[in-house]
Every structure is written in C-alpha cells, then in structure tokens.
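Visitor: I'd like a close look at one part of this model, please. Could you start from a single residue and then connect it to the wider picture?

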There are 2 protein chains.
Amino acid sequence: MSIQEVARRAGVSIATVSRVFNVPDQVTAKTRKRVQEAAATLGYVPNANARTLRMQKSGVLGVLLPTLLNPVFGECLEGIAVAAAAGGYSIVPITSGYQIDGEEGAVKRLLADNVDGMILVVSNPDNSAALAALQARRIPYVLLYNRHDAHPCVTVDSEGAVAALVARLAALGHRRITMVCGQLSASDRAHQRYRGYLRGMGECGLDARELVEVPFMDAAAPTLAALLAGADRPTALVCSNDLLAIRCMRAAYVAGLQVPAQLTVVGFDGIELGNDLTPMLSTITQPNREMGRCGVELLVRALACDDIPGPSASVILPHGFREGESCAGVNARPVKRK
Amino acid sequence: MSIQEVARRAGVSIATVSRVFNVPDQVTAKTRKRVQEAAATLGYVPNANARTLRMQKSGVLGVLLPTLLNPVFGECLEGIAVAAAAGGYSIVPITSGYQIDGEEGAVKRLLADNVDGMILVVSNPDNSAALAALQARRIPYVLLYNRHDAHPCVTVDSEGAVAALVARLAALGHRRITMVCGQLSASDRAHQRYRGYLRGMGECGLDARELVEVPFMDAAAPTLAALLAGADRPTALVCSNDLLAIRCMRAAYVAGLQVPAQLTVVGFDGIELGNDLTPMLSTITQPNREMGRCGVELLVRALACDDIPGPSASVILPHGFREGESCAGVNARPVKRK
DNA sequence: TTGTAGGCGTTATCAG
DNA sequence: CTGATAACGCCTACAA
C-alpha cells in the first residue's frame, strides 16, 4: 500500500496525495477529503524509509544508553522521549550493555538508519570510537551523564556532589568512610564520583580508604560481606549508584548490621524507587528526566539551526540530596522497631 | 558517502561494491580488498533506508512495551534484544506509556518503519486498534504477558499462579487476604491476576475482599495507609506486581506494621531487585528474559517460513514462587533485630 | 490547483 | 567476475 494505490483510489496523482500529507492547504478541500478517505480505507501509512531517503533526513534521534536495567536510565529515557516528541522527533533507543557489539556497533547501526542526531551515555568519552564516528560524519550529538571538555555534555557536578557528601558524613562523625563502585573502568561517571570522594576525604583530613569495586552485580554479596566483616569496617558507605546502595543495604542486613544505626549507606542517582525502600535511601539526586529533556532540547535547537553542538554548549544541571533514612550520625542509637 | 563514492574510489561499479557487502564470494579477493579499503577509509556505512526500500524488508522487529520504568519490562527487553540479535534482527523498542499517542500511534510509527514483525505487550488484546492494524497489514506479531484466545501469546498462567498463592496463604493461616492492583482497566494482566485471586479465595472458602486499586503510583501512600488502618485490616496483601508490593511494604512500615510478622506482602513479576530488599520480596516469578526470548524466536521462526503466527502458537511458560522474607504465617512472631 | 518526472541509495536482473 | 540499469516509495521543482 503505497502512495500509488491511494492516488489511484482517489483518482488523483501521487503528487496530490503527497501534498495532502505534507502541505494540506495546497490542495482543495474536496480533493483533500477524497484522498484522506482513500488513505483511511486503505490503511495507508507513509513509508518512512522512502521519505528519509528522499529528504536526506529522518526525523529520528538515536539514543544510546548503557542499559535499561538500571532505572536511572529508564527515567532519563522518559525525559528524552517526551522532549523528542515535543520537538517533532521520534527516537530509537539502543543499549550498549547487552547488545552484541557495544557502543560502536550501536552507533553504526544508528548511522545506517540516518538518525539526524544522537543522545548518548558512553563509557568513556576519551578514545571513544563511537564519538569519533559521529564526528567524522558530522552528526550532531549530546552526551548525558558523561563529562568531558571536548564534547557537549549535560550532567551534574558529580565530583563536587560526592565531595560535599563526604563532608556531610564527616560532620556526622564518620571517619571510616568507604566508597563502593561498579566496574571503575567501565564508566567515567564512576571515576568522577571517586575523585569527589578522594577530594572530600582530603578536605576533611581523613584518610581515603581503599575503593571497593563490585564489577559484577551478581557476585556482589561476598565482596560486600568481606567489606563489612572486619573490626575496622567502615561506618559509612558512599555508593557510586543507587542500585549498588540497595545491594549494600542488603549486605548490611545479612551481616547483621542495622542501617543507619550501625552503618550509613548513601547512593547516587536519585532513582524514584529509593523513596519506597525501608530505610528510605539517602542519595545524591540527579534530575534524570530533566537531563534527558535538556539534552534533547539542545540537540533539537542545534538541528534547527543546522549546526552541531560543541563543548561550549555543555550544561551542568543542579543536583540535590535526598535525606532518606539510611544516613545517620556515627553514634546514632538503633532505631526501635515495634 | 554512498555506495557511489566507494565505487569511484575503488575504481569499480556500484554493483561490485554492493556484492562485496552482500555476496563477498562472488567477487575476486583482490577487488574485494580494494573495495573494503575504500569503504573503510571513507567510513562508509550502507544506508539501511535505501536497503529496506529496495528489499521490501527491514530486518527490524518492533517492540512495544508499556513502560521501561518497571524493571520487569527492562528484563524482558534484554531477552528480546539478545534473541533478536541471535536471529539476525535488530529491534526498535517503543513505549506506549509516556509516548504521546499510545499503542496505536506507536504501531503506526513502527509500520512506517517497515518492521518485519512485532513483539508487543498491550493493555488489552480485545478491541486493540494496534493489533487490528497489524492484522490488516498482515504483519506477524507475538504478544507477551497478554493472554488471549485470538492472538499468539507468550505468557504464564497468571490466574493459576495467584490462585495457588492464595491457597498457600490460606494454609499459612491467613483469612483476611486483600488484593492490590494498579489501574485495573489498564491491563488485562491485572484482570487475570485478580481472577486468580477470586478463584483462590473461593476454593479456600474465604470471602473475597474488596479489590484495592492504586491507579497512580505517586498517590499510592494514602490509599494504602487507609487500607492498613482499620481493625479489620488484611493480614496478607497479594500485589498485582512487584513495584506495587514494594510500595506496600513501605506503607506497612509507615503504618507501624512489621513485614512479615504483622503483614504478609507478596508480589508478582519476580524482578531481580526484589532479591536485594529487606525483607527480601516474596513473589510469583515470571521468566521475563525467557519470555522475551521465546516470543522473538517464535516470531523469527515464522518470519523465516514467511507465515504469520496464529493463536495456536501461544506458549504458556512455567512460573515460580520466590520464597523471600515478606511472607509468613499469620501468627508469626516478630523477627528480632539486633 | 494538479500532474509529470527525476533522483535519493540499494539490490537484483541481465548482459558482457 | 563485473557493469549497466530498473525499481523500491516518496518529495519537489517545473509544467500545465
């Protein structure tokens, strides 16, 4: 069912049909109606591939995310989807995580699709083949969560946020503060946050403790159990993301430690789910939807002007701190539970 | 950078370039190499739109999901992605939830993209305009989680699962068992699960209690608070999904009720996160990834034979029950916490 | 206001 | 083994 059949059925030329869909006012009301009826009864849907081929633009924004198993990206994607729709674009989300060929393969696929621009969260903007490919093709793109001087990024001041958090914990009397992250090498976000930890500890005159890496979520339990076992165990855990923080709270329970009375756990991300946990998760909040929205708007604006966003377009969005219930002073008395 | 430029640079015709990418053995090793080098230095990526237009098939599977904010669909999508890749297809996931125009709009968009088939989770297979559109176009599709006699579905026996759960709760001494769901009208899954509740209660000789609907997650707190307030409050909550169950556990805490000592809470979905909660969530588990995988394989198989899956292709996958820690006998003694 | 025709990048057919 | 060419569905000058 192409434009041809609609034209035949309506007794007009294909050009007229095309106009009905693209510049309706250039067609007589009567003709227009006839065409619309023909299209409706035929169930005609314009072929996006043909249109893209002809127009040399697709009206599609590619979205590359690490995974959708972490709600933080789900929330972000929602912001992206809404903003894209508002800007007249549709999106094609791809995950680099459980996709066979990672970031570069995903970008190649999106390039083949002729996306007009891309929103992406990469593992490391330095030496990213994916970004190189985009630059080579002069495809406009915006990074989310990443932070890099050579690329347009929408993110928060992760380093500052964690440094401030460490100060807050120190003020609560914590001295043995340990940072827990996923696979450090897999994410420049984790690096930023770790730098924040180091800075914060330094500024508070505390000794930074060894970073605890939990590369595979599945195998987190033993690592965390070991961490919480010794006499010198930390009194506070700064987690590189909320999912990790949730696992840490579980590990604490398993180890017989009460949160927050005996162990403070703080996350990073501000996923909504944290609000429903008990104890409610204390966390550094990022405006995830807003971040998606902002990135898309940046991109759409650039697209409209037919130029490509540079590093100077970067935006640092404000972060926050959700009080929650998993964070307390080092000598807090156990919460009585009835 | 089209096939043209590669051809020119390699000093061959476009036909030869095309062959190098599609039937490499029909080209001399030497020519092939020249073309590949030209393509590489040019950064050539075959135009998928042109290819789709010419081939009349895209190699793309459309995936329509209600939302990605619920991890259950994230897990499912992972299964879909892996299976699709294995079958030589790529996917385009769309959410009907926060998309402007819902299921039908999403399907239209996918049709415009010339997807070869679709995997979808719809609100209600009856009178679904989306499904009607697919049938009219004779696009192969498979439903996930939904269950309907007139469509090919991959799902679990939700009704039986909930009925069995109710029996289990009754055996634990529970009498006042209440079901909690989201917006009942928004999901035939919720309906199935509710039917299971009714059947289970009936079979146990218990009086079914009024269904508690929590249409908007955001506003769940007051509704649940009211539910847990009275003297006649339930001793067990059967939740239509895990996210809801998590909220119920929070509501219990807020109401001063200990789970599971004073209130049993059981979910439905088996999201992985449930394992990390304290108390660990007791839930009816669905094989979410497997479900995605199964649906895709069904679809891919049909695509290969060039036919479209019918209702008889439906598959009921086995479900399970995760013991967890949020479910106990009605007179369980409070857990001592140190 | 409406119709005709060319070309977007590919693949496939048919010659050579 | 390789090259020329038509056609996929659409948009848009240009012509009528």
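Visitor: Where does B:Tyr145 lie?

Guide: Happy to help! What you see is a predicted model, in which local features need pLDDT of at least 70 and side-chain atom pairs count only at pLDDT 80 or more, while totals for chains, interfaces and linings use all residues. Residues are numbered from 1 along each chain as its sequence is written, with chains lettered from A and ligands numbered from 1 in the order in which they are written.

B:Tyr145 lies in the loop between β4 (141-144) and β5 (153-156) of chain B. Such strands are DSSP runs of E with at least two residues, helices are runs of H or I with at least four, and both are numbered from the N terminus. The phi of B:Tyr145 is near 70°, a positive value in a residue other than glycine. Most residues other than glycine have a negative phi, and most peptide bonds are trans. B:Tyr145 is buried, because 26 other C-beta atoms lie within 10 Å. Buried means 20 or more other C-beta atoms within 10 Å of a residue's own, exposed means 12 or fewer, and partly exposed is in between, with C-beta atoms placed from the backbone.

A:Gln56 makes a good contrast. Its phi is near 65°, also positive in a residue other than glycine, but A:Gln56 is exposed, with 8 other C-beta atoms within 10 Å. A:Gln56 sits in the loop between α4 and β1 (60-65) of chain A. Another positive phi, about 55°, belongs to A:Arg138, just after α7(A). Within α7(A) itself, A:Ala130, A:Leu131 and A:Leu134 are buried. They share one side of α7(A), because they cover an arc of only 95° around the axis, the arc being that of the directions from the helix axis to the C-beta atoms. The buried residues of α7(A) pack against α6, β3 (117-120) and β4 (141-144) of chain A; a contact here means two C-beta atoms, placed from the backbone, within 7 Å.

Cis peptide bonds are also worth a look. One joins A:Val259 and A:Pro260, with omega about 10°, and A:Pro260 is in the loop between α11 and β9 (264-269) of chain A. In chain B, a cis bond joins B:Val259 and B:Pro260, again with omega about 10°.

Back in chain B, six of the six residues of strand β1 (residues 60-65) are buried, so β1(B) is largely enclosed by the rest of the structure. Both of its faces are covered: B:Val60, B:Gly62 and B:Leu64 are buried on one side, and B:Leu61, B:Val63 and B:Leu65 on the other. Six bridges join β1(B) to the parallel strand β2 (residues 90-95) of chain B, where DSSP pairing asks for at least two bridges between strands. In that pairing, B:Leu65 stands opposite B:Thr95 in β2(B).

B:Leu61 brings us to the largest nonpolar core, which has 182 residues; A:Leu61, A:Val238, A:Cys248, B:Leu61, B:Val238 and B:Cys248 touch the most other members. A nonpolar core is a set of buried Ala, Val, Leu, Ile, Met, Phe, Trp, Tyr and Cys residues joined through C-beta atoms within 7 Å. Not counting residues up to four places away in sequence, the residues touched by A:Leu61 include A:Tyr89, A:Ile91, A:Val296 and A:Leu299.
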